[in-house]
Structures are given as structure tokens and as C-alpha cells.
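Please open the structure in your viewer and keep the sequence beside it. This tour proposes one selection after another and describes what is found at each stop.

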Amino acid sequence: MRVAHEVGELESRPRAVAVGTFDGVHLGHRRVLEAARAAGLAPTVVTFDPHPRIALGYEVELLATLDRRLELIADLGIEEALVLEFDLELARLGADEFVETVLRPLGTEIVVAGANFRFGRGREGDLVLLRRLGFDTRSVPLVDGASSTRIRDVLRAGEIERAARLLGRPPELEGTVVAGDARGGTLGFPTANLRLDPQLLVPAFGIYAGAAHGTRAAISIGTNPHYGGQERRIEAHLLDFDGDLYGRRLVLELWRRLRDERAFESEEELVAQIVRDVEETRAAERP
């Protein structure tokens, strides 16, 4: 997928355009993007970075980084994406101004969006306005419960399978592998320690079964209370993997929450529990 950051970087040609932030690229977003791809014109996304609410001074825990959003969008067959910097100047654009400065120069003929789609200053624009301005519009029915806000709530509660149903795929954590305390290696279960973008949402603390780097992974999210930890850590033991991941980007899929994190009476008891966690991870099914 070609990614542009200025309108002029994309040639004007007949396009079916989906506009939105698409945080998490959840099931509702996927249906919009699939409808854009099926419309018969060049399927194109117009999206924003940073998240509009963050740009306007609100706190938002993101479900995915911009890079991951674009990867997920590309996986759905979108050919080109325009990433617009969301700043106060863009926020002040009226709906008609957005049409004339963004949509028309791209060659947009079809706009595909969810039934609750709004755009422009004060959310004044909608599909009715776009039809009045000469665009062919395709309204995609909403998916019950599939909103970025709802998915955030579900993940904060650790309800991984429920989040996966709303996303249409397993929820993820993405970050860079950094050096840790190396305790896992001394216990026989080396871990990749992940540093996340501080704006990303982190699910409820606990131990999870999942996958990373093409293999299953037992994942710990929390403070490592057995060793009196205070700082939040995200650590993944990649089953049947032997290699160096330091400095590399890693995407963790979360499949199932296995248990709460806790302290143990002894290191032997901790190791026995890790063995059980690994066995459960081997048996877990991808949601």
C-alpha cells in the first residue's frame, strides 16, 4: 500500500474513499474498508495522525500505532492511504472546505462510511451533505458493540476473547524489545521485554496466552509482584524460539487471559506455575 502525507502526493483518479481514524481497525472499520475495496474504484483511505481527540487535548489510550493501523488497512486490500496531520488548522476546516481541499483533489467519486459518519468542524458534515455535493455515498451498517471506545473498556477488564470478537482478530500489543532483568533466562524461560508507545492501551494485568514472531508466547503484563516490582512490565516467553530480538519491533497477539499475576511462596513454586502457563499456552486456540 502506498502511503502519502500530502494530498498532492497522490494523483487524481477515480477513487472509493473511506475517511476516519480507524483506531484498532475493528470489525466495523473492516466492513467499511471492505466495502471501499469492493466499490470498483481505486480503494483509498484518508486517516489522521495524531488521533483527533489527542490533538484537541483529550486523553485517549490507542488500540494501535499508526504503523500498525496502516499494516492492518493494507491487509484488507486498500491500495493507497493519505495520512493527514491532525492539527488545529485541520480541525477548523468546515465540511465543505474538507471536501474541496482533500476529497475532490484526490479524484474521489465514492465515499464509503459507517452510518454514524461525521466530519469537518464541529462534526457538521455527513453522508447527506456529500450526496448533495455530488458524491456517490455508500453507508455501511454499524456492527453492534464494535467501537474503539467499547473495545478499550473490554480490554481494560482483561476480556480478551470478547475484544477479539469485536476486532475481528486477536487484540495486540506492539513495541520494541529492550533489555530486562534477565530473571526469566535464569529460570529457564527467557523473555522478550517490550517497550510500548506510551499512548497505547495496555490490557488488565495478568498472564496471557498468545503469539509473537510466528510462534506461541506466554505473556506477562504487570509489575512482577513475586520480586516486589513496581514498574509495569510486558514480557513474552516465545515458545520454541531461540534467537536475539533486542532492538526489534515485536507485535504480540493476545489469545486468552490465563490468570492474575501474584507472588509465590518460593521460586520453585513460581517455576512450576510458569510450566503450567506454558502448557496452557500450547493448548490455547487463536480467537
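**First stop: Ala 115.** Select Ala 115 and display its surroundings; the model on the screen is a predicted one. Apart from neighbours within four places in sequence, Ala 115 is in contact with Ser 139, Val 140 and Leu 142. To place Ala 115 along the chain, colour the loop between β5 (108-114) and α6 (127-132), which contains this residue. Is Ala 115 buried, partly exposed or exposed? Its relative accessible area is 47%, and because partly exposed residues lie between the limits of 20% and 50%, Ala 115 counts as partly exposed. Next, add Val 32 to the selection and draw a line between the two C-alpha atoms. Ala 115 and Val 32 are 83 residues apart along the chain, and their C-alpha atoms are separated by 10.0 Å.

**Second stop: the whole chain.** Now zoom out and show the chain as a cartoon. It contains 10 helices and 12 strands. The C-alpha trace spans about 70 × 35 × 35 Å along its principal axes. What percentage of the 287 residues counts as buried? The value is 52%. If a surface is displayed, the accessible surface of the chain comes to about 13,800 Å², and 46% of it belongs to carbon and sulfur atoms. Among contacts between residues at least 6 apart in sequence, 73% join residues at least 24 apart.

**Third stop: the barrel.** Select the strands β7, β8, β11, β10, β9 and β12. In this order, the 6 strands close into a barrel, with antiparallel pairing. On average, neighbouring strands of this sheet are turned by 45° against each other, direction ignored. Strands of a sheet pair through backbone hydrogen bonds. Which strands pair with β12? One of them is β7 (residues 172-178), which pairs with β12 (residues 249-259) in the antiparallel sense over 5 bridges. To inspect this pairing, select Gly 175, whose bridge partner in β12 is Leu 250. Then select Leu 173, for which the partner in β12 is Leu 252. Strand β9 also pairs with β12 in the antiparallel sense, over 6 bridges; here Ile 207 stands opposite Arg 259 in β12. Finally, colour β12 by burial: 8 of its 11 residues are buried, and the strand is mostly covered.

**Fourth stop: helix α10.** Keep the barrel visible and select α10. This helix has 17 residues and reaches 25 Å from its first C-alpha to its last, close to the 24 Å expected at 1.5 Å a residue. Which residues of α10 are buried? They are Leu 270, Gln 273, Ile 274, Asp 277, Val 278 and Thr 281. Turn the view to look down the axis of α10: the buried residues fall within an arc of 145°, so they line one face of the helix. The cover over these buried residues includes β9, β10, β11 and β12. On the face turned away from the buried side, select Glu 268, Glu 279 and Ala 283, which are exposed.

Key:
Residues numbered from 1 in each chain as written. Predicted model: local features only at pLDDT ≥ 70, side-chain atom pairs only at ≥ 80, totals over all residues. Heavy atoms only, no water. Pairing = 2+ DSSP bridges. Helix = DSSP H or I, 4+ residues; strand = E, 2+ residues; numbered from the N terminus. Axes fitted to C-alpha atoms, helices over the stretch in contact; angles between N-to-C directions. Buried < 20%, exposed > 50% of the residue type's maximum accessible area, 1.4 Å probe, protein only. Contact = heavy atoms within 4.5 Å. Expected span 1.5 Å × (residues − 1). Arc of directions from axis to C-beta. Areas by Shrake-Rupley, 256 points an atom, 1.4 Å probe, with all protein chains shown as cover.
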